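Me: I am new to reading protein models and would like to learn how to go from a single residue to a whole fold. Please take me through one, step by step.

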Amino acid sequence: MIFCLQHKTIYKKEDRMKRSHSIYSYLSLLLCFFANTTFAQDTDTRKYPLPDHGSIQLKVPVPWADDLRQPPDRLPPTIAFKPKSGNRFEILITPIWSASKGASLPNSEKIKELVQQASEQAKLQSVEKNLYLRELKGASGNGYYFSATDRAPEPEGYKYMTQGTIRVGDLMVMFTLLTNDGQEKVINDALSMLKSAIHMKSGTT
């Protein structure tokens with residue numbers, strides 16, 4: 001999050017002080033504008049093909065490397081994200097479509113139920129006694145997720161897991177975020193990326 005400087009102004013009668021305050025206020029607004037512009041440019045818009053189902057578009061943080069893992073028989077792929085450098089983390093996203101033509105995907109309540117079931121499984125090995133669901137509102141659908149702390153992480157494993165599902169157009173996108181201490185920004189960036197997801201159907205641009 002970018003914080004803008006707030007000025008404490010002592011009002012005096014002299015016009016010179018008023019003009020000075022106006023200049024500083026204007027400069028502060030410019031700084032905020034350029035800071036937010038820089039932040040907005042820290043992502044790439046990337047598209048990932050889905051067999052016979054168009055593609056999924058995501059706004060991915062520039063420092064992240066991606067890997068499209070496509071299983072055989074034109075099954076739904078998994079998109080994996082890792083840092084190009086620095087402390088490791090792993091983001092796994094799997095877009096799923098209806099198994100048969102005409103079949104409907106789970107609605108919001110069903111997605112919530114599925115994520116709740118996943119949280120019950122995760123609770124068996126988490127530090128937390130209760131794992132609370134949070135709503136995730138995206139550009140083309142909503143979903144739910146939870147966060148858990150591994151009670152006994154492996155030496156080369158991850159301490160924290162955030163997991164959930166979000167509806168993206170005609171897709172149900174399952175995601176798992178694996179991080180360690182001090183990587184809260186990675187989680188926030190990943191959730192922002194998921195909220196930006198758009199299903200690009202075949203023949204659309």
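**Reading the fold**

Reply: Start from R69, which, once its neighbours within four places in sequence are left aside, is in contact with P77, T78, A80, K82, E90 and L92, where contact means heavy atoms within 4.5 Å. Keep in mind that this is a predicted model, in which local features need pLDDT of at least 70 and side-chain atom pairs count only at pLDDT 80 or more, while totals for chains, interfaces and linings use all residues. Residues are numbered from 1 along each chain as its sequence is written, and side-chain values use heavy atoms, with hydrogens and water left out.

Me: In which strand does R69 lie, and is R69 buried, exposed or partly exposed?

Reply: R69 lies in strand 3; helices (H or I, at least four residues) and strands (E, at least two) are DSSP runs numbered from the N terminus. As for burial, a residue is buried under 20% relative accessible area, exposed over 50% and partly exposed in between, using a 1.4 Å probe and protein chains only. With a relative accessible area of 35%, R69 is partly exposed. R69 and T94 are 25 residues apart in sequence, and their C-alpha atoms are 9.5 Å apart in space.

Me: What comes in the loop between strand 3 and strand 4?

Reply: D73 is found in that loop, and R74 is found there too. Neither residue is a glycine, but D73 has a positive phi of about 60° and R74 has a positive phi of about 55°. D73 is exposed, with a relative accessible area of 69%, and R74 is exposed as well, with 51%.

Me: How many helices and strands does the protein chain have, and in what order do they run?

Reply: The chain comes to three helices and ten strands, and from the N terminus on the elements run α-β-β-β-β-β-α-β-β-β-β-α-β. Of its 205 residues, 33% are buried. If you take the contacts with a separation of 6 or more, 44% of them are between residues 24 or more positions apart.

Me: What is the order of the strands in the sheet of seven?

Reply: Strands of a sheet pair through backbone hydrogen bonds, either parallel or antiparallel, and two strands are taken to pair if DSSP finds at least two bridges between them. Here the seven strands form an open sheet in the order 3-4-5-9-8-7-6, with antiparallel pairing. Strand 3 (64-69) and strand 6 (134-137) stand at the edges with a single partner strand each, so one side of each has no neighbour in the sheet. On average, and with direction ignored, neighbouring strands of this sheet are turned by 20° against each other; angles run from 0 to 180 degrees between N-to-C directions, with axes fitted as lines to C-alpha atoms, for helices over the stretch in contact.

Me: Which helix packs on this sheet, touching strand 7, strand 8 and strand 9?

Reply: Helix 2 (residues 108-123) packs on the sheet, where it touches strand 7 (142-149), strand 8 (160-168) and strand 9 (171-179), and its direction makes about 10° with that of strand 7. Helix 3 (residues 184-195) lies across strand 3, strand 4, strand 5, strand 6, strand 7, strand 8 and strand 9, and runs at about 170° to strand 9. To follow one pairing within the sheet, look at strand 4 (residues 78-83) and strand 5 (residues 90-96), which pair in the antiparallel sense over three bridges; I79 has I93 of strand 5 as its bridge partner.

Me: Which strands make up the sheet of three?

Reply: The open sheet of three has the order 1-2-10, again with antiparallel pairing. Strand 1 and strand 10 are at the edges, each with a single partner strand, so one side of each is left without a neighbour in the sheet. Neighbouring strands here are turned by 35° against each other on average, direction ignored.

Me: How many bridges join strand 1 to strand 2, and what lies between these two strands?

Reply: Seven bridges join strand 1 (residues 43-49) to strand 2; T43 has P61 as its bridge partner, and P49 has S55. The two strands form a hairpin with five residues between them, and D52 in the turn has a positive phi of about 65°. Strand 2 (residues 55-61) is mostly covered, six of its seven residues being buried. Three bridges join strand 2 to strand 10 (residues 198-200), with I198 as the bridge partner of Q57.
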